[in-house]
Amino acid sequence: MPALRPTHFSGEIVFLGQVEPGHGLASTPVEKLVLGFDGAEGEKHSGLTRSSCSRVLDLHPRGTEIANTRQLTVLSDEELAETAFALHIPRLAPEWVGASIVLRGLPDLTHLPPSSRLQGPDGATLVVEMENLACVLPGKVLEHHHPGKGARYKPAASGRRGIVTWVERPGVLTLGDTLRLFVPAQRRWSEEDNL
């Protein structure tokens, strides 16, 4: 594990939501999230393992049991507003895109370095797995609320879809809490531009 550096950056929790099993992608607003090592209590995406999906087909055949590093979806309030602007709609509700947590005040959230940590007041800690690439599924929910806009969601949200995280330390997150950012203390990979 890399050493982690504390930063002066933090984000205020302005939305918490849970995707209930059997209810599609949309999340339901809640006042708090109780986090265990397997994710948020009662959440569709919780669990220590999950079935592999299209995002890891180069590594694992679809349906292979792998560690669940996609327990929670964290988005930026500012990036949601930018996506709404790109879609020419007044507001993109966090529920429509399956948000678990929406933070205000943390710049460039979607591009936080993998292995960064977000820590709450009681020590609850989330590990940043990676950027949550925009996909067509939230567009289907958006289409219900803004007919004709759903197909435009994926390009509008590109680079602004937030991150997926997993729980490193259990705890409770509530609306208004502040999550502090810690980043890996390592230099950028020298071959990153040659991929």
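The legends below accompany close-up views of a predicted model.

**View 1. Leu 75 sits in a strand and is buried.**
Welcome to the first close-up, centred on Leu 75, a residue of strand β7, which covers residues 72-76. The relative accessible area of Leu 75 is 1%, so this residue counts as buried, the limit being under 20%. Look around Leu 75 and you will find contacts with Leu 80, Val 97, Ala 99, Ile 101, Val 102, Leu 103 and Leu 109, as well as with Arg 160, Arg 161 and Gly 162, leaving aside residues up to four places away in sequence. If you want a sense of scale, try Leu 87: 12 residues separate Leu 75 from Leu 87 in sequence, and their C-alpha atoms are 17 Å apart in space.

**View 2. Asp 77 and Arg 104 form a salt bridge.**
How many salt bridges does a search of the whole structure find? There are five, and this view shows the one between Asp 77 and Arg 104, whose closest N and O atoms are 3.0 Å apart. Asp 77 belongs to helix α1 (residues 77-87) and Arg 104 to strand β8 (residues 101-104), so the salt bridge ties together parts that lie 27 residues apart in sequence. Asp 77 is partly exposed, with a relative accessible area of 25%. Arg 104 is partly exposed too, at 40% relative accessibility.

**View 3. Glu 82 and Arg 160 meet in a salt bridge.**
Staying with salt bridges, here the side chains of Glu 82 and Arg 160 come together at 3.9 Å, N to O. Glu 82 is in helix α1, while Arg 160 is in the loop between α3 (153-157) and β11 (163-169), so this pair links parts 78 residues apart in sequence. Is each partner buried, exposed or in between? Glu 82 is partly exposed, with a relative accessible area of 40%, and Arg 160 is partly exposed as well, at 22%. You have met Arg 160 before, as one of the residues that Leu 75 touches.

**View 4. Arg 188, Glu 192 and Asp 193 belong to one salt-bridge network.**
The side chains of Asp 193 and Arg 188 form a salt bridge with an N to O distance of 2.8 Å. Salt bridges with shared partners connect Arg 188, Glu 192 and Asp 193 into one network. Asp 193 counts as exposed, at 61% relative accessibility, and Arg 188 is exposed too, at 51%.

**View 5. Cys 53 and Cys 135 are too far apart for a bond.**
Why is there no bond between Cys 53 and Cys 135? The sulfur of Cys 53 has its closest cysteine sulfur in Cys 135, and the distance of 9.7 Å is too far for a bond. Seen from Cys 135, the closest cysteine sulfur is in Cys 53, again at 9.7 Å. The search of the whole structure finds zero disulfides.

**View 6. Strand β1 pairs with β13, β8 and β2.**
Finally, follow strand β1 (residues 4-18) and its antiparallel pairings. Six bridges join β1 to strand β13 (residues 178-184), where Thr 178 is the bridge partner of Glu 12. Four bridges connect β1 with β8, and here Phe 15 stands opposite Val 102. Val 102 is also among the residues that Leu 75 touches. With strand β2 (residues 28-29), β1 shares two bridges, and Gly 17 has Pro 29 as its bridge partner there.

Terms used. Residues are numbered from 1 along each chain as its sequence is written. This is a predicted model: local features need pLDDT of at least 70, side-chain atom pairs count only at pLDDT 80 or more; totals for chains, interfaces and linings use all residues. Side-chain values use heavy atoms; hydrogens and water are left out. Buried means under 20% relative accessible area, exposed over 50%, partly exposed in between (1.4 Å probe, protein chains only). Contact means heavy atoms within 4.5 Å. A salt bridge is a side-chain nitrogen of Lys or Arg within 4 Å of a carboxyl oxygen of Asp or Glu. A disulfide is a pair of cysteine sulfur atoms within 2.5 Å. Two strands pair if DSSP finds at least two bridges between them.
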